Amino acid sequence: MGDEGVEVRKNRGFLGFDSTALPPRDLQDRRQLRYELDLNDWNLRIWGVAASGFLTDSYNLFATNVISASISFVYFPHDRYPGLLINLFTLLGSVVGQLAWGFLSDYYGRTRLYGIELVLVIISTIGVATSSFGYSDMSFVGLFIFWRFVMGIGIGAEYPLSGVITSEWASTQSRATMLGSVFLMQPVGQALAQLVGLWVLLGRDHQHHLRDMQCGLNTANEMECKKIVDGLWRIVIGTGAVPAVLAVVFRFFLYDSGIYQLEVKNKPGLALRDTRRVYLPQSDARNGIALHSPQATQTNSPQPMPLQFSREDLYNYFIRDGNWYYLLGTSITWFILDVGFYGFSLDSRGTISDLWASKYPLAINSSLSCWNSSIPEGSSTVPTWVELGIPVWQTDHTQPCNTLYDVLLEQAKQYLLTVSLSSIAGSTCFIFFANRLSRKNWLTVSFLILAVLFIITGGVYYGVAHTQYYPATVTMISICHFAFNFGANTLTFIIPAEIFPTCYRCTCHGISAAAGKLGSVVAILIVYGINQGYRDPNRQGLIFILFGSVLALGAIYSWAYLPDVQRLVHDYDGNKVRETKTLEELGGGREQARLEGEVITVKEKLHELRRRRKECRSQLGFNVEPRLQAMDPPSMQLSSPPPPTVSRGLAPYRTRTASVGISSLRS
């Protein structure tokens, strides 16, 4: 009975491209809130909270590369499908996490769920690290896949949460660099997984003389080898829970962003209070304007309040205003990007070994030095490979006499040199150039560059594969990974966190990220199908060329369906500089972009190109006519009709001389 008469406050939905659904007082408060945020710069606290979780998730996602050979050696040495299933269900779990947490974070609040996904990662990490056969009646693969699926849910949930929370807490000018710094943790997490695996391997070798035991090649120490290697991969996986535990503690002390509390939760007083808790407390002294308290009387907008996730509000934003084009652009570009990225990155052990090969695979016969046992009272396992095939863990077929220790050592070295170093360098370079480049145009160009690089890499591979000139291919692969992280891989994460309104920002980011993971699933299935059905030893060149052709499509979608997140303005010296648009401006969607002269969709862009061409021709004709008249005698000159009206082109970029905050002070 005590709850009767208590009004349930509902979330506000899309405010309109001009924010007319926002009451005038709230509109003024939002300007003041933006002013407060933009007084600050790069925030270490927000970055640390988001980056620690992203590092954890990257470590656990790409740890598959580190442990796959060890697991296959112990549990399924001659079966390839378990590795495929493990990767697929991890990625499918990520899709579930991205979609679910994207919606829930918009509806219930960002920080309400921030940390739960890491709890899932911690629990599933423990589950994976303790997976076993049980008492001879449990499937190790089934249990392992279940826990990797749960882990995938936690990993996927991190994408929309970390991206959007960083975007909403950052100042306008530091937004891209902070998001890029968070995404930098993906290649760092990959490298960390490799380094931890290498450290554990060397430690086990020092303790048990793993290399001398000839694990995988001799039956003399088979059971002891499996026991040691089984513990090796469990340590690598279990280590992933350590940064997750540290990260989850800090997340309980973070608040919902001010813009979310004001626009969606309709709590302007809390918005500024929590913003000042995160940033400098002395911001109160910088200006005398304060947002009204949570208990203050609310003023109503002349329009009825839009309700978040109502059928009417979803229709107005996505259909009526045409903002589904934005979602199409972010989703398809991320899908295409991950088709190329995961095609030779996630399941890359055999691929990287093939790229580093200086000769063709050797035949399994008695000419091999490991055909006979070199350990007394032992027997070589190599002769059995003639019938069973080369084991899955033996990824380098050009050196079949390598022990498991040699294979794991070579894999770590090759991955770090080929993938990790160049990826970290690419992400670092992007952070430096984030505000110097047009992010939308750079995404389009980077897709084209990647397409060209992939096709060139395929051609180089066909020319030098399995020869002494193999470093040419390795170099091209490193350049590809640098280009990935310097451009499209980072930007497909950043742009969805910028261009959608606050009420649907997490949902749309989650949908876009889920589309990317579905692209990775498609890529893995394509690669698996090619490797199983096409036995040409140089088939990797075909994969590069195929994926390069697909990446070119990403340039079309980014060019046609994504808005500019920056504008050109003139500084005090009259030079053109790039200014980042605020989240409030970008949240207005396609109609707001049209007011600034932007054109979205292929059809409208082609129409605009034709209009410009006609305008150019009419201007040329108008300039030539006076010269012809000047050449005629005055008596022959006829009175000419008034010049034709030239239609205006794109609205010129406006020059800003004051920040959003200053305009709010005037209001």
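## The largest cavity

The largest cavity in this predicted model has a volume of about 120 Å³. Its lining is made by 18 residues, and those closest to the centre of the cavity are Leu-15, Arg-30, Glu-263, Pro-501 and Gly-587. Two elements, helix 11 (258-263) and helix 23 (583-586), give two or more residues to this lining. When the lining residues of the largest cavity are sorted by class, eight are nonpolar, six are polar and four are charged.

## The second largest cavity

The count of cavities of 30 Å³ or more comes to six, and the second largest of them has a volume of about 90 Å³. This second largest cavity is lined by 12 residues, with Val-66, Gly-197, Leu-198, Leu-408 and Ala-412 lying nearest its centre. The elements that give two or more residues to its lining are helix 2 (44-75), helix 8 (185-208) and helix 17 (404-433), and the largest share, four residues, comes from helix 8. By class, the lining of the second largest cavity has six nonpolar residues, five polar residues and one charged residue.

## The largest pocket

The largest pocket has a volume of about 1200 Å³. Its lining consists of 44 residues, and of these Arg-80, Gly-350, Thr-351, Asn-531 and Arg-539 lie nearest the centre of the pocket.

Several helices take part in this lining, since at least two residues each are supplied by helix 2, helix 3 (81-108), helix 15 (349-355), helix 21 (505-533) and helix 22. The largest share, seven residues, comes from helix 2, which also gives two or more residues to the lining of the second largest cavity. The residues that line the largest pocket divide into 17 nonpolar, 18 polar and nine charged.

## Helix 14 against helix 22

Two packed helices are described by the angle between their axes and by the distance between those axes. For helix 14 (residues 324-343) and helix 22 (residues 539-561), the axes come within 9 Å and cross at roughly 160°. Angles over 145 degrees count as roughly antiparallel, and helix 14 and helix 22 are therefore roughly antiparallel to each other. The crossing in which helix 14 passes helix 22 is left-handed.

On the side of helix 14, the residues that meet helix 22 are Tyr-325, Tyr-326, Leu-328, Gly-329, Ile-332, Thr-333, Ile-336, Leu-337, Val-339, Gly-340 and Gly-343. Their partners in helix 22 are Phe-547, Val-550, Leu-551, Leu-553, Gly-554, Tyr-557, Ser-558 and Tyr-561. Taken by class, the residues of this contact are 13 nonpolar and six polar, with no charged residues.

## Helix 18 against helix 19

Helix 18 (residues 439-464) and helix 19 (residues 471-486) pack with their axes 9 Å apart, at an angle of about 170°. That angle makes helix 18 roughly antiparallel to helix 19.

Which residues of helix 18 and helix 19 meet? Helix 18 brings Trp-442, Leu-450, Leu-453, Phe-454, Ile-456, Thr-457, Val-460, Tyr-461 and Val-464 to the contact, while helix 19 brings Ala-472, Thr-473, Met-476, Ile-477, Ile-479, Cys-480, Ala-483, Phe-484 and Phe-486. By class, the contact of helix 18 with helix 19 has 16 nonpolar residues, two polar residues and no charged residues.

Conventions
Residues are numbered from 1 along each chain as its sequence is written. This is a predicted model: local features need pLDDT of at least 70, side-chain atom pairs count only at pLDDT 80 or more; totals for chains, interfaces and linings use all residues. Side-chain values use heavy atoms; hydrogens and water are left out. Axes are lines fitted to C-alpha atoms, for helices over the stretch in contact, and angles run from 0 to 180 degrees between N-to-C directions. Angles under 35 degrees count as roughly parallel, over 145 as roughly antiparallel, 65 to 115 as roughly perpendicular and the rest as oblique. A crossing is left-handed if the near helix is turned anticlockwise from the far one by less than a right angle, and right-handed if clockwise. Contact means heavy atoms within 4.5 Å. Ala, Val, Leu, Ile, Met, Phe, Trp, Tyr, Cys and Pro count as nonpolar, Asp, Glu, Lys and Arg as charged, and the others, Gly among them, as polar. On a 1 Å grid over the protein atoms alone, a cavity is a set of points where a 1.4 Å probe fits but cannot get out, and a pocket is an open set with protein on both sides within 12 Å along at least five of seven lines; lining residues have an atom within 4 Å of a point. Grid points are joined across faces, edges and corners, and a volume is the space filled by probe spheres set on the points.
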